[in-house]
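Open the model in your viewer and keep the sequence panel beside it. The stops below say what to select next and what is there.

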Amino acid sequence: MKTIDLRSDTVTLPTAAMREAISNAELGDDVFGEDPTTIRLEKMAAERMGKEAAMLVASGTMGNLVCVLTHCGRGDEAILGDQSHTFLYEAGGIATLGGVHPHTVANQPDGTLRIEDIEGAIRVDNVHFPRTRLICLENTHNRCGGAVLSPEYIEQVAALAHDRGLVLHLDGARVFNAAVALGVDVKELVWHADSVSFCLSKGLSAPVGSVVCGSKEFAAEARRIRKSVGGGMRQCGIIAAAGIEALDNMTARLADDHANAKRLAEGIAEIGGLAVEPQRVQTNIVFFDVVGGAVTAEQLVARLGDSGVRILQLGPARVRAVTHYGIEAEDIETALDALGKAMC
Ligand code: TLP
């Protein structure tokens, strides 16, 4: 029986082409700047994002950490969403390792931060306050159900940031999902941001790695910060080779994941005891609630697990299913069947 693992798109395994690219990768010592495959990935990533420079990092968490620490010094403040991955799920790294003070603003259900809330969070120059230095956005927004931020909204936040002498960082872990959902070139989503971090190891299916992009000056400083957090990697062309394959061949197919997520949400809406808003599913993430009290979220996750379908519990009644490479349309029907039975 095939396990239908919908816990996350991080569970994706490398494609056959990636495995081949990994085994044939030309390698060198990247801390000496001599790994040709890593250099090739970084050039390619910078070009795709429309930025001057890029740098491979070990993970999305490291990407955000390195970007925040590059922009901010100790005692500086970063404005970010109260549902953002950086605030909730990155072990407080910006504070513990960088001394950066997180100032949260409520995420709206569509993943945005209200412009007036951001304005209200920017500090005036006063000895009592930390210095506001950075605004962070997340696109797509994980906790907001894979919600997509529009190029217009990002431009508006960037204009506010730049007007007030601040910088904008974009956690674009799933920015290619956003670009595919909107039918725009990914450049349009990152154009106005001073830095962006995107993941190779989620929907793009590479086994490891994320890339941070920005200006040449940004990337040079980010390289020093990456070293300081232990992220100077040696023959990382092994990782980059799969990343090149991911950028070349794995972005357009994200549309299939979005269609599967939509179908999953529509099917869930038909099952008693489950509450979902299919119209809010824009990309590959489906959040839904177990309601009514007949079955708990824990029971649902356990029963599904027994029938080979895995989902993630992310709140007392809240669960998440994520579609990705390796999950086919018929797997969604199997999962819906299992969900229906688990709720009886
Ligand atoms: N998200 C993971 C978990 O950590 C929750 C997931 O399964 O969705 N930014 C965003 C928006 C993310 O969703 C994630 C991972 C990261 C950053 C961190 O990436 P990694 O896991 O590579 O450190």
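Start with the whole chain in cartoon view: it has 14 helices and 13 strands. Helices (H or I, at least four residues) and strands (E, at least two) are DSSP runs, numbered from the N terminus. This is a predicted model, in which local features need pLDDT of at least 70 and side-chain atom pairs count only at pLDDT 80 or more, while totals for chains, interfaces and linings use all residues. Residues are numbered from 1 along each chain as its sequence is written, and side-chain values use heavy atoms, with hydrogens and water left out.

Zoom out for the overall size. Along the principal axes, the C-alpha atoms fill a box of roughly 60 × 55 × 35 Å. The chain's radius of gyration is 20 Å, which agrees with the value near 20 Å for a compact globule of 344 residues. That radius is taken over C-alpha atoms, and the globule rule is 2.2 Å times the number of residues to the power 0.38.

Next, select the strands at 274–275 and 312–313. These are strand 9 and strand 12, the edge strands, each pairing on one side only. They belong to an open, antiparallel sheet of 4 strands in the order 9-10-13-12. Two strands pair if DSSP finds at least two bridges between them. Add residues 285–290, which are strand 10; strand 9 pairs with strand 10 over 2 bridges. Which residue of strand 10 is the bridge partner of A275? The partner is D289.

Now show residues 254–268. This is helix 12, which lies across strand 9, strand 10 and strand 13 (318–322) and runs at about 15 degrees to strand 10. Axes are lines fitted to C-alpha atoms, for helices over the stretch in contact (heavy atoms within 4.5 Å), and angles run from 0 to 180 degrees between N-to-C directions.

Turn to the largest pocket, with about 260 Å³ of space. Select H85, N142, R174, K202 and R320, which are the closest to its centre of the 19 lining residues. A pocket is an open set of points on a 1 Å grid over the protein atoms alone, with protein on both sides within 12 Å along at least five of seven lines; lining residues have an atom within 4 Å of a point. A volume is the space filled by probe spheres set on the points, which are joined across faces, edges and corners. Helix 3 (residues 60–71) gives the largest share of this pocket's lining, 3 residues.

Last, look for cavities, where a 1.4 Å probe fits but cannot get out. There are 3 of 30 Å³ or more, and the largest holds about 40 Å³. Its lining includes R174, F176 and K202, and helix 8 (residues 175–182) gives the most, with 3 residues.
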